[in-house]
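The following exercises are to be worked through with the sequence and the structure in view. Each task is followed by a solution in steps.

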Amino acid sequence: MAVGMVAFFEVYTRQASLGLAFAGALVAGFLVGLLNGIIIVRIGIPSMVATIGTQFFWRGVVEVIRAGQGERWSSPRTPSCVMSW
């Protein structure tokens, strides 16, 4: 989920397109899930252990990429429909 969020905001910041940002988040989530599935099937690690382990790994990657900072929802490029939540 964290990788999808970073992918969404990075694409949205560069392209200002919600559709493209959503597609980027889906692709990132698919790739992370595919890697998780490969670890489970090929290596034989139990699914719960692999999922929790990769969750910590990807969360650490996100912390490094974002330098410990979250994304601002109040960016000038954020559409008003998001701001009204």
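**Exercise 1. The overall fold**

In what order do the elements of the protein run from the N terminus on? State also how many helices and strands there are.

Solution. The model under study is a predicted one. Step 1: read from the N terminus, the elements run α-α-α-α. Step 2: the count is therefore four helices and zero strands. Step 3: the protein has 85 residues, of which 24% count as buried. Step 4: among contacts with a separation of 6 or more, 48% are between residues 24 or more positions apart.

**Exercise 2. The length of helix H3**

Determine what span helix H3 (residues 47-66) should have, and compare this with the distance between its end C-alpha atoms.

Solution. Step 1: H3 has 20 residues, and the rise is 1.5 Å a residue. Step 2: the expected span is 1.5 Å times one less than the number of residues, which gives 28 Å for H3. Step 3: the end C-alpha atoms of H3 are 28 Å apart, in agreement with the expected value. Step 4: beyond the helix comes Ala67, which has a positive phi near 55 degrees.

**Exercise 3. The two faces of helix H3**

Which residues of H3 are buried, and which exposed residues does the face turned away from them carry?

Solution. Step 1: Ala50, Thr54 and Val62 are the buried residues of H3. Step 2: these residues lie on the same side of H3, because the arc they cover around the axis is only 100 degrees. Step 3: their cover includes helix H1 (2-15) and helix H2 (18-43). Step 4: the face turned away from the buried side carries the exposed residues Met48, Val49, Gln55, Phe56 and Val64.

**Exercise 4. Asn36 and its surroundings**

Is Asn36 buried or exposed? Identify the residues with which Asn36 is in contact, leaving aside neighbours within four places in sequence.

Solution. Step 1: Asn36 belongs to helix H2. Step 2: a residue is buried when its relative accessibility is under 20%; Asn36, at 13%, therefore counts as buried. Step 3: with those neighbours left aside, Asn36 is in contact with Ala50, Thr51 and Thr54. Step 4: the side chains of Asn36 and Thr54 are joined by a polar contact of 3.0 Å.

**Exercise 5. The largest pocket**

Which element gives the largest share of the lining of the largest pocket?

Solution. Step 1: the largest pocket holds about 280 Å³ of space. Step 2: it is lined by 13 residues, and Met1, Ala2, Val32, Gln55 and Trp58 are the closest to its centre. Step 3: H1, H2 and H3 are the elements that give two or more residues to this lining. Step 4: the largest share, five residues, comes from H3.

Technical notes
Residues are numbered from 1 along each chain as its sequence is written. This is a predicted model: local features need pLDDT of at least 70, side-chain atom pairs count only at pLDDT 80 or more; totals for chains, interfaces and linings use all residues. Side-chain values use heavy atoms; hydrogens and water are left out. Buried means under 20% relative accessible area, exposed over 50%, partly exposed in between (1.4 Å probe, protein chains only). The arc is that of the directions from the helix axis to the C-beta atoms. Contact means heavy atoms within 4.5 Å. A polar contact is a pair of N or O atoms within 3.5 Å; within protein, one must be able to donate a hydrogen and the other to accept it, and residues adjacent in sequence count only if both atoms are side-chain atoms. On a 1 Å grid over the protein atoms alone, a cavity is a set of points where a 1.4 Å probe fits but cannot get out, and a pocket is an open set with protein on both sides within 12 Å along at least five of seven lines; lining residues have an atom within 4 Å of a point. Grid points are joined across faces, edges and corners, and a volume is the space filled by probe spheres set on the points.
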